[in-house]
There are 2 protein chains.
Amino acid sequence: MKRGHQVTMKEIAKKLGLSVSTVSRALKDSPELHPETKLKVVEMAKSMNYQPNLLAQSLRISRSKVLGVIVPELTSHFFSSNISGIQDTAYKRGYNVMICQSNESYVQEISNIKILVASQVDGLLISLSRETKNYQHLQDLYDRGIPFIMFDRVTEEIPVSRVTVDDANGAYQVTKHLLEQGCKKVAFISGPQDLYISKKRKEGYLKALVEFGITEAESRVYISDLKEETNKQIAKQILEEADRADAIFAMIDPLAIDVMLVLKEHGVRIPEDIALAGFTNNPTSSVVEPSLTTVVQPGYEMGKIAANHLLDQLDEIASDDPQSFILDTTLIARNSTLKKK
Amino acid sequence: MKRGHQVTMKEIAKKLGLSVSTVSRALKDSPELHPETKLKVVEMAKSMNYQPNLLAQSLRISRSKVLGVIVPELTSHFFSSNISGIQDTAYKRGYNVMICQSNESYVQEISNIKILVASQVDGLLISLSRETKNYQHLQDLYDRGIPFIMFDRVTEEIPVSRVTVDDANGAYQVTKHLLEQGCKKVAFISGPQDLYISKKRKEGYLKALVEFGITEAESRVYISDLKEETNKQIAKQILEEADRADAIFAMIDPLAIDVMLVLKEHGVRIPEDIALAGFTNNPTSSVVEPSLTTVVQPGYEMGKIAANHLLDQLDEIASDDPQSFILDTTLIARNSTLKKK
DNA sequence: CTGTTAGCGCGTTCAT
DNA sequence: ATGAACGCGCTAACAG
């Protein structure tokens, strides 16, 4: 394809019989320049539709004004909200974003990092893949002094800033709510155990149980790899148990929806027979029937905070000391748990 | 923040007492080089964790290996699927993507284009904002010879390649299906009239009506700006009409969901009293009650095709002649339209 | 006030 | 088989 040639300062200079540096100065409104020359240059630049070559500028100052973002998947509503927040923030502060998805793959995450670093991004915002259990690649980034922070899917093993929601408290709120509704046997369906959020949410779940006099030994924890099939499988398993749970807290909304479908299929009334709650407030959750009790996780806000903090560090407005931003969550009680009296 | 210093060829050369060009040659495995030297360089590079500076390479060859993407919003499931397809494809072919969202704003769309072009992207994939009714900015891009193509939200006024779904046929399928279910008075709620997809879908709607002996004069077209409030407002309006519709075809799923909520609120049975259908197959649509009849729009596939085609043009595998890719849609009939006999 | 020089990192001449 | 020089586009330091 005929690639469009971009006008350069050199060409402007040539047309005007000036040196390139004069053009450069005129374009950045240097004071020590004859106003008339300045005007001539500016007008010529406009008429030739001159656009500065950001690549050249970046190479010169060794700063690209680009942030790299890595998320496990782009199509999840939560992550796309994060990205939206990051993008809007970066844009406002004069940065572009390069976005990669790891597709929940550890090797692809590593490859993404490598490419973004080679592309000279000024900093990285990373949300880890489900597969990531080894953090050497992050340690390497850290050792090389490449600025990055983590959000949502984080690890505590690397001393960089993190932005998360208060997962433990969110889970605590949900579980407490279920217990307050009179449920006695609350099951918790967790994602993979090594996931940070799995740990945190389980923590909150157990805390609420204990407060209501239920020991950890009496807790009902199920582990899913979060694939639809497994989710439904676990739902069936719960239904078949002799001492069946009367409430299910699913670690994320899509999981809850899968469970809901199984319950409905089996004629189980929600919430009368089994109450059901999720986590994250996906758009879907408010319109399913019964509407799903869940926890608001401010995705856009998280992205915004993460991007602003990273840019603050880059601009030396914020210190490099790792900071942990923990955003509040809000319980939204809906029909899937509200038992009519 | 202490910015990580990237190792350069210069440093490798210095450590080895060689010239930069030798290092360069060694790293790209040039044949006319002493094998031993080559080995030394490669090993040193590895031990120093050398990564080529893509910015410098890009500047040199005037090709950035970056594609720019502009979508109206990142959080819509359809667009994030597009982006996912674009990203995966670009990644496989050695390209990165810079993503911007216009937030449905015309001026932001222009600004995004400007920034991406200044960033020297090799090509652009654009989905127009709702506000975009003037195409001069695209004409300018075209005149400057900057490769770009459009997807989903396109215009026919600029001679570049387009990737869309067969909107007219999808709408035709839906409307025909409603009529076949025995509905006599099918309403169509459209988005803003100047939107390409509004026109195309209305076209399909009318075609089906005519086939069933209903004239355009008898058609029932409503226009929404697609904001929740307007959507619900229109739904109420339809309910209040004396000669009430017995089926509603909403131009996009979220609109259909808004309508569904209003219908349910007013005790209208779906589909018995009013059948309801949408377009796009959002994840939500399959789990609402009743499940929503809709049309599958292959978002990921569209992104993939769009990216591959643009890259083919860039790599001169495909010609520059504008091509129009029209993807097939598939009707999914669900409970919101399937009347039990 | 303006031109010359130099360098960001890389790869391709051209020279040895 | 290797080095030196040049240029991609831009800007800052140095000259005049």
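Student: How many salt bridges does the count give over all chains, and what makes a pair a salt bridge?

Tutor: The count comes to 26 over all chains. The rule asks for a side-chain nitrogen of Lys or Arg within 4 Å of a carboxyl oxygen of Asp or Glu. This is a predicted model, in which local features need pLDDT of at least 70, side-chain atom pairs count only at pLDDT 80 or more, and totals for chains, interfaces and linings use all residues. Residues are numbered from 1 along each chain as its sequence is written, chains are lettered from A and ligands numbered from 1 in the order in which they are written, and side-chain values use heavy atoms, with hydrogens and water left out.

Student: Why are A:Arg93 and A:Asp315 called a salt bridge?

Tutor: Their N to O distance is 3.3 Å. The limit is 4 Å, so the pair qualifies. A:Arg93 sits in the loop between helix 5 and strand 2 of chain A, and A:Asp315 in the loop between helix 12 and strand 11 (324–327), 222 residues apart. Helices (H or I, at least four residues) and strands (E, at least two) are DSSP runs numbered from the N terminus.

Student: What makes A:Arg93 buried, partly exposed or exposed?

Tutor: The relative accessible area of A:Arg93 is 26%. Buried means under 20%, exposed over 50%, and partly exposed in between (1.4 Å probe, protein chains only). A:Arg93 is therefore partly exposed, and so is A:Asp315 at 33%.

Student: Which pair does B:Asp315 form with B:Arg63, and how do you know?

Tutor: Their side chains meet in a salt bridge, at 3.7 Å from N to O. B:Asp315 is in the loop between helix 12 (299–314) and strand 11 of chain B, and B:Arg63 in the loop between helix 4 (54–61) and strand 1 (66–71), 252 residues apart. In chain A, salt bridges that share partners join A:Arg63, A:Arg93, A:Asp312 and A:Asp315 into one network.

Student: How many salt bridges are counted between chain A and chain B?

Tutor: Two. One of them joins A:Glu289 to B:Lys264, with the closest N and O atoms 2.7 Å apart. The 4 Å limit is met, so the name applies.

Student: What else makes up the contact between chain A and chain B?

Tutor: Contact means heavy atoms within 4.5 Å, and 60 residues from chain A and 60 from chain B take part. The chains bury about 5600 Å² between them, 54% of it on carbon and sulfur atoms. Buried area here is the accessible area (1.4 Å probe) that two parts lose on being put together, summed over both. There are also 23 residue pairs in polar contact, both residues being at pLDDT 80 or more. Elements giving two or more residues to the chain A side include helix 4 (54–61), helix 5, strand 2 (96–101) and helix 6 (106–118). Helix 5 gives the most, with eight residues.

Student: What makes the side chains of A:Glu104 and A:Arg153 a polar contact?

Tutor: A polar contact is a pair of N or O atoms within 3.5 Å; within protein, one must be able to donate a hydrogen and the other to accept it, and residues adjacent in sequence count only if both atoms are side-chain atoms. The distance is 2.9 Å, so the limit is met. A:Glu104 lies in the loop between strand 2 and helix 6 of chain A.

Student: Is A:Glu104 called buried or exposed?

Tutor: A:Glu104 is buried, because its relative accessible area is 13%, under the 20% limit.

Student: And where is A:Asn53 found?

Tutor: A:Asn53 is found in the loop between helix 3 (35–47) and helix 4 of chain A. Leaving aside neighbours within four places in sequence, A:Asn53 is in contact with B:Leu59, B:Ala118 and B:Gln120. A:Asn53 is partly exposed, at 25%.

Student: How many disulfides does the search find, and how does A:Cys100 fit the rule?

Tutor: The search finds zero over all chains. A disulfide is a pair of cysteine sulfur atoms within 2.5 Å. The closest cysteine sulfur to that of A:Cys100 is in B:Cys100, 15 Å away, so the pair is too far apart for a bond. A:Cys100 is buried at 1% relative accessibility, and A:Cys183 is buried at 2%.
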